[in-house]
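Q: Please take a close look at the surroundings of the ligand in this model, and follow the chain outward from there. I would like one connected account, with any unusual backbone geometry placed in its context.

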Amino acid sequence: GSYEEKYRPQFHYSPAKNWMNDPNGLVYYEGEYHLFYQYTVNSTSPDFPRMHWGHAVSKDLIHWEELPPAISPCEDGAIFSGSAVADINNTSGFFHEEGSGLVAIYTNEGNQAQPNKPQVQSISYSRDRGRTWIRFEGNPVLFPASNTADFRDPKVFWHDESSMWIMALAARDRIEFYTSEDLKAWSFASEFGSTVPFVHRGVFECPDIFQVPVDNNPNNKKWVLVLSVGDLNGENMSDPQPPAGGSGMMYFIGHFDGKTFIPDKTIESIHDIQWVDFGSDFYAAVTWNGIPKEDGRVIWIGWMNNWRYATKLPSLEWRGNMSLPREVQLKTCLEGFHLIQLPLKELSKLRNPITSLTDLIIKPGDNLLSEVTALKAEIIAEFEIGTALEFGFKLRKSSIQKTIIGYDVENESLFFDRTNAGSADFHPDFAAKHTVPLKPEHKRIQVTIYVDGSNIELFGNEGTAVITDLVFPDPESQGLELYAVGGSVKVISLQISDMTGIWE
Ligand code: FRU
């Protein structure tokens, strides 16, 4: 728990010790951003029957203070994923003296006595800014109509237009919407998914639905429904597979009236499905509730992992970390609308510039950055396509290891190659190359890259294309190379910064 261990991320959140998965209960309340998460005390492996909500708070979404676990398993079962809201009008009636407080809405999963009990939704509330939680004696507040095994991950938010609480819930192969006036009594409103023409045999998990301005125009907002898709493990390959395999996130853009979500486009085949991230390690992301109106951003964070190998990662004291917080926007594109993700601008606080270049031609064999190392770094670069067939960066480099982030000019795609990045023997699918389509804009390709202890986040053309991947190079592999293959490329600008660790 010293944050100095091998592979430990220095500016991404991870708990000091033990296992972590999905972010839960993201809510801003009275000057603090809360980050709860699936947490197992005393083990670096997930102990599902003993799953807790771990807890951290931040004033700026960058620096985090870990607090004791917030909600612990009880006779109702384990505490699975869910959300939290600030009940500022005391609709629940839990906060007479305080006037307002936090309410957590989560899934209770079975218990040792009745392991086959269906998943149900329960609530707890806090009168002291999330430090202690009281279980509602009327739990569960929602249980499935039939004995389905998968009924979980409630995302609750306040819907202004209808003055109601809305819950989006993953019910196996569909998303169900419920409404409530008091967070205790819930009525079924509609479902989404059974009419989407593919048989989805994996399970949906961790849904989220939120409104986002299109092209930064506050008068033109669209609703986005995001679903995490559990690892199908090759069960039914005709099902939609996340681009990098295993677990991934899909999204639909449309309209939500407080009861029903209607996608703008009919989904005719699995090729119409839009994916959030083309790497393999961005899962179960959900947005913060209660972000102040003056701020107005939609911000989310994801679990940087993939169920395919999550329990096998070679880290020691802890297992699992969060992505950087990201702002979500929508952009108009040829095919309609596209979700873009931008690393939070507050990250600039951690930035210590070390190198910057402008207007330089790179030819095969050049290596201008042989003196630069990047172990925890930010790299922002803009290229103008020339005669090179491929160009980009080699990161976390040594004589035997490298992670390649490059642009393939002919195929118009950005790629992330971790086949030779470092430790990968813990799972046969880990060593892989991930690609994402990306068209140049005015002959230019822009990339923003974050390199940390055991992960790299890649944003192409201002967040239009994103690849998030774990990598496990030796700590000594810190070299950097800027390369071009088959011709030259012009670097319009390049800034490399060292990032101050958030635990320092
Ligand atoms: C997603 C998930 C959720 C569940 C939780 C259990 O990663 O499987 O569906 O609530 O993890 O830890």
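A: Strands here are DSSP runs of E that span at least two residues, and they are numbered from the N terminus. The model is a predicted one, and the description below should be read with that in mind.

The shell around the ligand consists of Asn 21, Asp 22, Gln 38, Met 51, Phe 80, Ser 81, Thr 107, Arg 152, Asp 153, Glu 205, Cys 206 and Ala 284. Four strands each give two or more residues to this shell, namely β1 (18-29), β5 (78-87), β9 (152-159) and β13 (204-214). By class, the shell divides evenly into 4 nonpolar, 4 polar and 4 charged residues.

From β1 one can follow the chain both ways. In the loop between β1 and β2 (32-40) sits Glu 30, which has a positive phi of about 45° although it is not a glycine. Most residues other than glycine have a negative phi. Glu 30 counts as exposed because it has 12 C-beta neighbours inside 10 Å, and the limit for that class is 12 or fewer. In the other direction, the segment before β1 holds Tyr 3, another non-glycine residue with a positive phi, here about 65°. Tyr 3 has 16 other C-beta atoms within 10 Å and is therefore partly exposed.

A further backbone feature belongs to the approach to β9, the strand that was named above as a contributor to the shell. Pro 140 lies in the loop between β8 (134-135) and β9, and the peptide bond that leads to Pro 140 from Asn 139 is cis, with omega near -5°. Most peptide bonds, by contrast, are trans.

On the scale of the whole chain, the protein is divided into domain 1 (19-309) and domain 2 (349-499), whose C-alpha centres lie 33 Å apart. Their contact draws 12 residues from domain 1 and 17 residues from domain 2, and on the domain 1 side these comprise 6 nonpolar, 3 polar and 3 charged residues. The UniProt record, an unreviewed entry, annotates residues 346-497 as "domain: Glycosyl hydrolase family 32 C-terminal". Over residues 346-497 the chain is 0% helix and 53% strand, and the C-alpha atoms at the two ends are 15 Å apart.

Conventions. Residues numbered from 1 in each chain as written. Predicted model: local features only at pLDDT ≥ 70, side-chain atom pairs only at ≥ 80, totals over all residues. Domains from an automatic or database assignment. Contact = placed C-beta atoms within 7 Å. Nonpolar A, V, L, I, M, F, W, Y, C, P; charged D, E, K, R; others polar. UniProt positions renumbered as here; feature names shortened; annotations may be inferred. Near = placed C-beta within 6 Å. Buried ≥ 20, exposed ≤ 12 C-beta atoms within 10 Å, placed from the backbone.
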